[in-house]
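The following paragraphs lead the reader through one protein model and its ligand. They begin with the cysteines, continue to the ligand and the fold, and end with the backbone geometry.

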Amino acid sequence: MRMFLSRVHFPVTALGHGRRVGLWFQGCSLHCPGCISADTWAHDEGAVNTGQVIDQLSAFAADADGLTVSGGEPFEQPEALAELLAAWRSISDRSVLVFTGLELGQIQPWLDAHPDLIDALITGPFRSDLPQTKALRGSDNQALHVLTQRGAPFLAYERNATGSDLKLDIMIDADGAAWMAGIPARGDLAKLRRALAAAGHTVVTSDMPGRFAA
Ligand code: SF4
């Protein structure tokens, strides 16, 4: 099946417990102001076949403590999401955490049609106008849902965030582009820009308005 993928990466340590495979879908229509993943908004970029993505997941599965899916908006490609998560179930017994900007009611039909593919969910759009106090969440409107027994460890995140929850994994691609995975504290990217600018670097980050075309 053709789908649009931002990236697959292993290990990711800042989006759930353990060393997880990170899978970022490409394409999001929600356009939350202040989104730190605006590079994943554009649709029709990163076309791949799901078989290629499953091969990537398979390469990491044996060493991974779980799979974390984000984006982009995973539920804007519902068939690909179902195929990839079903494949994960066939290659790993480790948990699946999915971040979505949609509310639970909006994706309930998908969940009903695909029971047991997702163990824990974070739902709701990022709201930069609301406080950020909860673990694993960028704003306090976002809700954690534990859907299966396998997802029970995620109940530990139903608490206020501590400093270690707000860490970021920073990776550098072969072309020199740096990217980050995790839930930054408010203002962290601006602080990073200032620190690098003070060292003589010119830095643009994906949360800057107008950085990426809608
Ligand atoms: S925060 Fe998530 S749902 Fe909101 S615009 Fe960014 S990628 Fe889309």
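**Cysteines, ligand shell and fold**

A search of the whole structure, which is a predicted model, returns 0 disulfides. A disulfide is a covalent bond between the sulfur atoms of two cysteines. Cys32 has a relative accessible area of 13% and Cys35 one of 16%; because the limit for a buried residue is under 20%, Cys32 is buried and Cys35 is buried.

Both of these cysteines belong to the surroundings of the ligand, which is enclosed by Cys28, Leu30, His31, Cys32, Cys35, Trp41, Gly71, Gly72, Gly101 and Phe126. By residue class, this shell comprises 6 nonpolar and 4 polar residues, and no charged ones.

The protein chain that supplies this shell contains 4 helices and 9 strands. In sequence order, these elements follow the pattern β-β-β-α-β-α-β-α-β-β-β-β-α. The radius of gyration is 17 Å, close to the 17 Å that the globule rule gives for 214 residues, so the protein chain is as compact as a globular protein of that length. Along the principal axes, the C-alpha trace spans about 50 × 35 × 30 Å. Of the 214 residues, 46% count as buried. Among contacts between residues at least 6 apart in sequence, 59% join residues at least 24 apart.

Two residues of one loop illustrate how positions distant in sequence are placed in space. Ala38 lies in the loop between strand 2 (20–25) and strand 3 (47–49), and at 5% relative accessibility it counts as buried. The C-alpha atom of Ala38 is separated by 9.1 Å from that of Thr205, although the two residues are 167 residues apart along the chain. Ile36 is also found in the loop between strand 2 and strand 3, but Ile36 is partly exposed, with a relative accessible area of 31%. Between the C-alpha atoms of Ile36 and Phe126, which are 90 residues apart along the chain, the separation is 9.5 Å.

Phe126 is one of the residues around the ligand, and it also takes part in the surroundings of Gln142. Leaving aside residues up to four places away in sequence, Gln142 touches Ile122, Thr123, Gly124, Pro125, Phe126, Lys134 and Arg137. Gln142 is situated in the loop between strand 6 (120–123) and strand 7 (143–146). With a relative accessibility of 10%, Gln142 counts as buried, and its side chain reaches the backbone nitrogen of Gly138 at 2.8 Å.

The backbone geometry remains to be considered. Most residues other than glycine have a negative phi, and most peptide bonds are trans. Against this background, the peptide bond between Phe10 and Pro11 is cis, with omega about 0 degrees; Pro11 is placed in strand 1 (residues 2–12). A cis peptide bond also leads from Gly71 to Gly72, with omega near 10 degrees. Gly72 is in the loop between strand 4 (66–70) and helix 2 (78–91), and both Gly71 and Gly72 are among the residues surrounding the ligand.

Positive phi values occur at His31, near 50 degrees, and at Asp44, near 65 degrees. His31, another residue of the ligand shell, lies in the loop between strand 2 and strand 3, and Asp44 is likewise in the loop between strand 2 and strand 3. At 28% relative accessibility His31 counts as partly exposed, whereas Asp44 is exposed, with a relative accessible area of 62%.

Conventions. Residues numbered from 1 in each chain as written. Predicted model: local features only at pLDDT ≥ 70, side-chain atom pairs only at ≥ 80, totals over all residues. Heavy atoms only, no water. Near = heavy atom within 4 Å. Nonpolar A, V, L, I, M, F, W, Y, C, P; charged D, E, K, R; others polar. Disulfide = S-S within 2.5 Å. Buried < 20%, exposed > 50% of the residue type's maximum accessible area, 1.4 Å probe, protein only. Helix = DSSP H or I, 4+ residues; strand = E, 2+ residues; numbered from the N terminus. Polar contact = N/O pair within 3.5 Å; in protein donor to acceptor, adjacent residues only side chain to side chain. Contact = heavy atoms within 4.5 Å. Rg over C-alpha atoms; globule rule 2.2 N^0.38 Å.
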